[in-house]
Amino acid sequence: MTTEKKQRLHRKTVPLLVMVTPVSSWLLLLIAVPLIYILVISFCSTDANHNIVFAFTLQNYIKMADPSILTIYANSIAVAFFATVVCILVGYPFAYIMAFQKSFHKSMMMVFLLLPFWTNSIIRLYGWRTLLGTNGYFNQLLQAVGIISDPLPMLYTRGAVVLGMVYMLMPFMVLPIHTVVDKLDRSLLEAASDLGAKPVARFWNITLPLTMPGIFAGFIMVFIPSLAYFFVSNILGGGKNQLIGNVIERQFKEAFNWPFGAALSIVLILITLLLVRIYTGLGGNVEELGAM
């Protein structure tokens, strides 16, 4: 390589390294290294004093076949699934309407959607406890208008946990759906109308298929956190509706069985990667998913 080529290569490489090295180092230190550590200790065990023993074992993964753990997994999947379905049913019409609004109205709808996030999530969940409690405002209202005579058990139920998940994660469903609906080619809808297609047929045959990537992106962004949002289950479920996130929390904070908690975390990561792989297989863009 000639001196001139070396100089050109040096001029191109040095600025690139200056820009990339800080970000790469940050990602390596705060994301890659912790994930590798979690993966390593998931194959370890603990001694009588709860110290990690770095000796290879598969017991942490075998332990997941325990019926109690499988029951919690099933409950977590059920809660996450119902929360995701409700988010789709409520979020899709909202996102669709918002996408067809003028700029000012669209901005106002976006503000109302994101406004609750300006308050701490724990405070907001305790607000729902006040509303759903036996002596809460909902029960008082229903009794006042004569619909019920005795308070309904709204709090500390699976329904309350699902409601909390929906409340916390609704924006993560609305935003990706809004993005794909906003990019929808309006001329296709106009052409379908000109050819005599009714609104329902136009929606099922054009709008819904073209917006499926946004629905699936929202599905991933709601379903995965719903499996692990243990604080929602703690506050609104009262410990009666255990999620896999609750089990992971206990392993690290109470049982001090970090290897088992790490193994449970790895399984959640694998579920996430599987869903992302399905998303890309259906034509979804990972970069757009990350941007959302």
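Is K253 buried or exposed? In this predicted model, K253 counts as exposed, at 56% relative accessibility. A good place to begin is therefore the helix that carries this lysine, since α11 turns out to be largely enclosed by the rest of the structure, with seven of its 10 residues buried. The buried members of α11 are I244, G245, N246, V247, I248, E249 and Q251. Their cover includes α3 (67-99), α9, α10 (230-237) and α12.

The exposed lysine also has a charged partner. K253 forms a salt bridge with E249, and the closest N and O atoms of the pair are 3.4 Å apart. Both residues belong to helix α11 (residues 244-253), where they sit four residues apart, about one turn of the helix. The two ends of this bridge differ in their surroundings: E249 counts as buried at 18% relative accessibility, whereas K253, at 56%, counts as exposed. For E249, the value falls just on the buried side of the cut-off, because buried means under 20% relative accessible area.

The structure holds two salt bridges, and the other one joins K106 to D182, with the closest N and O atoms 3.1 Å apart. Here the partners come from separate helices: K106 lies in helix α4 (residues 103-114) and D182 in helix α7 (residues 158-182), so the bridge ties together parts that are 76 residues apart in sequence. D182 is partly exposed, with a relative accessible area of 34%.

Turning to cysteines, the structure holds zero disulfides. C44 and C87 can still be placed with respect to the surface. C44 is buried, with a relative accessible area of 4%, and C87 is likewise buried, its relative accessible area being 0%.

What does the protein look like as a whole? There are 13 helices and two strands. The radius of gyration is 24 Å, well over the 19 Å that the globule rule gives for 292 residues, so the protein is more spread out than a compact globule. Taken along the principal axes, the C-alpha atoms fill a box of roughly 85 × 65 × 35 Å. Of the 292 residues, 36% count as buried. Contacts across the sequence add to this picture: among those between residues at least 6 apart, 65% join residues at least 24 apart. The accessible surface comes to about 17100 Å², and 70% of that area belongs to carbon and sulfur atoms.

Part of this surface forms a nonpolar patch of about 990 Å², made by V23, W26, L27, L29, L30, I31, L35, I269, L270 and L273. The elements that give two or more residues to the patch are α1 (3-41) and α12 (258-281). The largest share, seven residues, comes from α1. I31 is one of the patch residues and is placed in helix α1. With a relative accessibility of 45%, I31 counts as partly exposed. Helix α12 also appears elsewhere in this account, as it is among the elements covering the buried residues of α11.

The interior can be followed through a few residues of α3 and α9. S226 is found in helix α9 (residues 199-228) and counts as buried, at 0% relative accessibility. Not counting residues up to four places away in sequence, S226 touches A80, A83, M165, L169 and L243. P225 also lies in helix α9. Leaving aside neighbours within four places in sequence, P225 is in contact with L169 and I220. L169 is thus a contact of S226 and of P225. A wider view of P225 comes from A55: the two are 170 residues apart in sequence and 31 Å apart in space, C-alpha to C-alpha.

On the side of α3, T84 offers a matching example. T84 is placed in helix α3 and is buried, with a relative accessible area of 1%. Which residues does T84 touch, not counting those up to four places away in sequence? These contacts are M173, F219, V222 and F223. Both α3 and α9 return in the account of α11, since each is among the elements that cover its buried residues.

Methods. Residues are numbered from 1 along each chain as its sequence is written. This is a predicted model: local features need pLDDT of at least 70, side-chain atom pairs count only at pLDDT 80 or more; totals for chains, interfaces and linings use all residues. Side-chain values use heavy atoms; hydrogens and water are left out. A salt bridge is a side-chain nitrogen of Lys or Arg within 4 Å of a carboxyl oxygen of Asp or Glu. Buried means under 20% relative accessible area, exposed over 50%, partly exposed in between (1.4 Å probe, protein chains only). A disulfide is a pair of cysteine sulfur atoms within 2.5 Å. Patches are made of residues with over 30% relative accessible area and no salt bridge: like charges are joined within 9 Å, nonpolar side chains (Val, Leu, Ile, Met, Phe, Trp, Tyr) within 5 Å. Accessible areas come from the Shrake-Rupley method with a 1.4 Å probe; for residues, only the protein chains shown count as cover. The radius of gyration is taken over C-alpha atoms; the globule rule is 2.2 Å times the number of residues to the power 0.38. Contact means heavy atoms within 4.5 Å.
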